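Visitor: Could you take me through this structure, please?

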Amino acid sequence: MENIDWGHLSFGYNKTNYNTRCYFRNGKWGKIEVSSSEIINIHIAATCLHYGQEAFEGLKAFQGKDGRVRVFRWEENAKRMQSSAKGIRMAEVPGALFKEMVWKTIALNREFVPPYGTGAALYIRPLLIGTGAEIGVKPATEYMFMIFVTPVGPYFKEGMKPVDMLISREYDRAAPLGTGNIKVGGNYAGSLNAIQSAHDHSFANVVFLDAKEKKYIDECGPANFFGVKNNTYITPKSDSILPSITNKSLITLAEDMGIKVERRKVPVEELETFEEAGACGTAAVISPVKSIYDPATRKTYTFYQDQAGPVSQELYNRLTAIQLGDMEDKYGWVEFVD
Ligand code: PLP
Ligand code: COI
């Protein structure tokens, strides 16, 4: 293992030693296999390649002060992957298999779990693909589930420094009755033009609106959106957004802090009234938003400029303290690997 500069990692792929794989054939899952290769060998007519039968997850492991490794809310990711599998008619990965492979993959790459205090984490990427050969549009009968891990820093290179976002008026991420609420590759392919266009105009990412009426906030690139005003945490309710495990956790923490929580439609104009805004997700953690530009009205909505607002900062402190084992894990969100 070459020397890793833990404190300056970006959210990118860094090679680790091993990954794990498991195949679904003849209606059942096989034995877990360990590989040191970063390459997979699949059929040219595999459904993942042609018809997008692919779902993934993202979760993190952290090393505490005590040197022990903790995984955050893996069961939620396992459940969401099952819902993604159902959504595009793939074989579901049983929770026990999901857990065993997460644990095994971390153990095999133990030296890549970033040390406590570096701000980095081990990102765990489970991936489920249709490998059976089909040419008609139908689900495969064979699947491959794999997990690799990679040490990462913050998704938004600014970390806790507030970023500028652009409302996407030219592109939608997902259709109203489409696959926006599950974690399938097609949603991300469909978001690339919007993200590129935001980057071209020096925005950190995009804010997607509801695809039907273009009136309400959906989510923020690869993260959920939240706003704060009058001691209230407000986050969009929509059938086309990914149910974020981070957002769900922040809602619980906000309630703990005596903050009111509202999950409801959030009209674009309401941005005017928010004191704080943020993007939240496993990769993003909390990325405070300092401005949101709407090209339709040429209006810029602004929030805390130089630092996160007090509620976002406190939520961030509590979430990361639980993940690192610095604060009591009263909801049982963290499970030890070793
Ligand atoms: N929304 C999208 C589109 C995402 O890709 C992610 C990342 O997983 C999230 C929201 C945040 O979800 P979570 O907090 O479960 O990582
Ligand atoms: C995550 O937050 O885990 C994600 O999956 C976001 C990712 C698309 C970078």
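Guide: The following turns cover strand β1 and then ligand 2. This is a predicted model, in which local features need pLDDT of at least 70, side-chain atom pairs count only at pLDDT 80 or more, and totals for chains, interfaces and linings use all residues. Residues are numbered from 1 along each chain as its sequence is written, chains are lettered from A and ligands numbered from 1 in the order in which they are written, and side-chain values use heavy atoms, with hydrogens and water left out.

Visitor: Why is strand β1 described as largely enclosed?

Guide: Five of the seven residues of β1 (residues 19-25) are buried, so the rest of the structure largely encloses this strand. Buried means under 20% relative accessible area (1.4 Å probe, protein chains only); strands are DSSP runs (E, at least two residues), numbered from the N terminus.

Visitor: Which residue stands opposite T20 in β3?

Guide: That residue is V34. β1 and β3 (residues 33-35) pair in the antiparallel sense over three bridges; strands pair if DSSP finds at least two bridges between them.

Visitor: And how many bridges join β1 to β8?

Guide: Five bridges join these antiparallel strands, and C22 has F145 in β8 as its bridge partner.

Visitor: Now the ligand: which backbone atoms does an oxygen atom of ligand 2 approach at 2.8 Å?

Guide: An oxygen atom of ligand 2 is 2.8 Å from a polar backbone atom of A283. The protein covers 90% of the 280 Å² of accessible area that ligand 2 has on its own, computed by the Shrake-Rupley method with a 1.4 Å probe.

Notes:
Near = heavy atom within 4 Å. Polar contact = N/O pair within 3.5 Å; in protein donor to acceptor, adjacent residues only side chain to side chain. Buried < 20%, exposed > 50% of the residue type's maximum accessible area, 1.4 Å probe, protein only. Helix = DSSP H or I, 4+ residues; strand = E, 2+ residues; numbered from the N terminus.
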